[in-house]
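Me: I would like to learn how the terms used for a protein model follow from its values. Could we go through a few together?

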Amino acid sequence: MTITATATPGKSLISPKDHTLVLIDFQSQMAFATKSIATEVLRSNAALVANAAASFGVSTILTTVAEKSFSGPMFNEITDAFPGQPLLDRTSMNTWEDAAVIEEVNRIGKERIIFAGLWTSVCIVGPVASAIDQGFDVYFIADACGDISAEAHERAVQRMIQLGAKPMTSLQYMLELQRDWARAETYDSTTGIARQWGGAYGLGITYAKTMFGASEGGH
């Protein structure tokens, strides 16, 4: 049997309109105890994901736990990307057990869901396992999650992969949304987000554009 290749993306690759992004408990109290990733790196990765989602018009749910009474506000890098969007505050550790969050998931109506947040072993494993159980196609952004130790984070990642969830990274998330530098309508925002939040990659973009006026969309 002869296989014929076509210039089309694989079905497992994400696009801006095929998923819901759920950002969970990026809050001060949760971040204080996070040791699997440096706080400044976590904040940059969360900012990159949030700003990419906002730029591409991804359906996004923002949820917190005990915001007023214990855990504190969500990172401003995230809320600034979604001005005026309400935060769904919970008492449950498992986001998937919160009726308001599930109502929003059902209102949006996407079968593919991508999670990121704190902590990996509790607040990410819980909804990932629950969503998979109910037939959703689930991804998680591993470097936009963190836990109280590297061990806790890694065991949680392994568990989610064993359950069938697909791991991603923050930069991978944004670049998979862009996927072609010839997509001019999002080129400037994608490279701009990378320059601000993309670490060494962002420095490389700044250098290339400043020194040579380079553009990835040119051939």
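Me: How do you know that the span of helix α2 agrees with its 18 residues?

Reply: Happy to help, and keep in mind that this is a predicted model. Helix α2 covers residues 39-56, and at 1.5 Å a residue it should span 26 Å. The end C-alpha atoms of α2 are 26 Å apart, so the two values agree. Just after α2, glycine 57 takes a positive phi of about 70°.

Me: Which residues of α2 are buried, and what covers them?

Reply: The buried ones include Leu42, Leu48, Val49 and Phe56. Their cover includes the strands β1, β2 and β5, along with the helices α4, α8 and α9.

Me: Why is threonine 20 called buried?

Reply: Buried means under 20% relative accessible area. Threonine 20 has a relative accessible area of 1%, so it is buried. Threonine 20 lies in strand β1. Leaving aside neighbours within four places in sequence, its contacts include Ser59, Ile61 and Ile108.

Me: What makes α9 and α10 oblique to each other?

Reply: Their axes cross at roughly 120° and come within 6 Å. Roughly perpendicular runs from 65 to 115 degrees, and roughly antiparallel starts over 145. The angle fits neither class, and α9 and α10 are therefore oblique. Their crossing is left-handed.

Me: Which residues make that contact?

Reply: Among them are Tyr187, Thr191 and Trp197 of α9, with Tyr201, Ile205 and Lys209 of α10. By class, the contact has five nonpolar, four polar and two charged residues.

Definitions and conventions. Residues numbered from 1 in each chain as written. Predicted model: local features only at pLDDT ≥ 70, side-chain atom pairs only at ≥ 80, totals over all residues. Heavy atoms only, no water. Helix = DSSP H or I, 4+ residues; strand = E, 2+ residues; numbered from the N terminus. Buried < 20%, exposed > 50% of the residue type's maximum accessible area, 1.4 Å probe, protein only. Contact = heavy atoms within 4.5 Å. Axes fitted to C-alpha atoms, helices over the stretch in contact; angles between N-to-C directions. Parallel < 35°, antiparallel > 145°, perpendicular 65-115°, else oblique. Left-handed = near helix turned anticlockwise from the far one by under 90°. Nonpolar A, V, L, I, M, F, W, Y, C, P; charged D, E, K, R; others polar. Expected span 1.5 Å × (residues − 1).
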